[in-house]
Amino acid sequence: MKKIRIGLLPRILVAILLGVLSGQVLSLQWVRIFATFNAVFGQFLGFMIPLIIVGLVAPAIADIGKSAGKLLVITVVIAYVDTVFSGLLAYGTGSWLFPDMIAGASEVTDVGKATAIEPYFTVSIPPILDVMAALVFAFMVGLGIAYGNCRTLKESFKEFKEIVSKTIIKAIIPLLPLYIFGIFLCMTYTGQAYRIMLVFVQIIIVIFVLHFFILIYQFCIAGALVKHNPFRLLWNMLPAYLTALGTASSAATIPVTLKCSLRNGVHEGIAGFVVPLCATIHMSGSAMKITACALTICLLHGMPHGFGVFLNFVMLLAIMMVAAPGVPGGAIMAALAPLASVLGFGATDQALMIALYIAMDSFGTACNVTGDGAIALVVDRYFKKTIA
């Protein structure tokens, strides 16, 4: 009989629901069993973060760096600036709205206290590198491979990328629902889950509004430059938006995005270059979601959340997004590094971020992919003559 496959999002939602329900009936002894699993898995996740950076970012930088020319540079700069701007837009909106939303939950205690339930034992798995060392190493190796024509090293890192990707797909992703179940089980047992979820329901509504606003401003800028109705251009991208909404995959949507971009009048050569590249490096919707959720957790905890801190976080996050499309849930996996190194998020905070991100994953992907069409229009405006 054909196996029925249940997607990651349904499994995460079931894990949250079961965690909340089980936290009301299970005894402390049972809760400590899952707390023990979370403690060990959290150590493994911390060990994997630097390896994820090296394994995914280095080959991505090598692949991008091998292409030279003004077209590549302009496309990368536009994608990076737009991703950073989307993250800062989320920070600005959140700084304005979120404190009042969270004020009703002022009595919420630190989410980190969910880990106060002591595990039966822990296993220390220290990471090989710290996050910044891993990032610098990944850039050094990636650029060295690109400009040094190091074929052997390139193949070695491609194989290492396969190892890291398989570890994420075969070990981390399947265990995430159990990990998130344990987090919500502990939070429910300590009386925090309901209030935390109530806060994030309000935040998610703001994120959905922001995601449409980002698409409108992207196409207003593109429409002004190419002198076309921006809403007509955006409407033409609707098939790509809906495809990404259904597949939650930038890569799987590339053929549809290409077709929509051609319909908007983008030259075939420009579209064929920009759309696949932006599917890898342009993550405006993902950066916006991650920034908004991270700011919420910072506000709940009373952690530092000034503009300087989040500017550092968003600029680093936009770089990490280069590695994101390679694996399922790649954006939030890549974001774990700046979440830990810049914002100081622990294992529990990271688990909350994973659950929240995956719950909205397809909308972020749809925003990313549709925005690729706007970038293609802008690049086409200035480079069509050189391609034709």
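**Reading a cavity and an exposed leucine**

Me: How do the residues lining the largest cavity divide into nonpolar, polar and charged?

Reply: The lining holds 4 nonpolar, no polar and 3 charged residues, where Ala, Val, Leu, Ile, Met, Phe, Trp, Tyr, Cys and Pro count as nonpolar, Asp, Glu, Lys and Arg as charged, and the others, Gly among them, as polar. This is a predicted model, in which local features need pLDDT of at least 70 and side-chain atom pairs pLDDT 80 or more, while totals for chains, interfaces and linings use all residues. Residues are numbered from 1 along each chain as its sequence is written, and side-chain values use heavy atoms, without hydrogens and water.

Me: Which residues line the largest cavity, and what is its volume?

Reply: Rolling a probe the size of a water molecule over the atoms shows where empty space is left. Here a cavity is a set of points on a 1 Å grid over the protein atoms alone where a 1.4 Å probe fits but cannot get out, and lining residues have an atom within 4 Å of a point; the volume is the space filled by probe spheres set on the points, which are joined across faces, edges and corners. The largest cavity, of about 30 Å³, is lined by Pro59, Ala62, Asp63, Ile145, Lys154, Phe157 and Lys158.

Me: Which helices each supply at least two residues of that lining?

Reply: Helices α2 (28–65) and α5 (151–189) do so, helices being DSSP runs of H or I, at least four residues, numbered from the N terminus.

Me: Is Leu17 buried or exposed?

Reply: Leu17, in helix α1 (residues 8–22), counts as exposed because its relative accessibility is 52%, with exposed meaning over 50%, buried under 20% and partly exposed in between (1.4 Å probe, protein chains only). The C-alpha atoms of Leu17 and Phe184 are 8.4 Å apart, although 167 residues separate them along the chain.

Methods. On a 1 Å grid over the protein atoms alone, a cavity is a set of points where a 1.4 Å probe fits but cannot get out, and a pocket is an open set with protein on both sides within 12 Å along at least five of seven lines; lining residues have an atom within 4 Å of a point.
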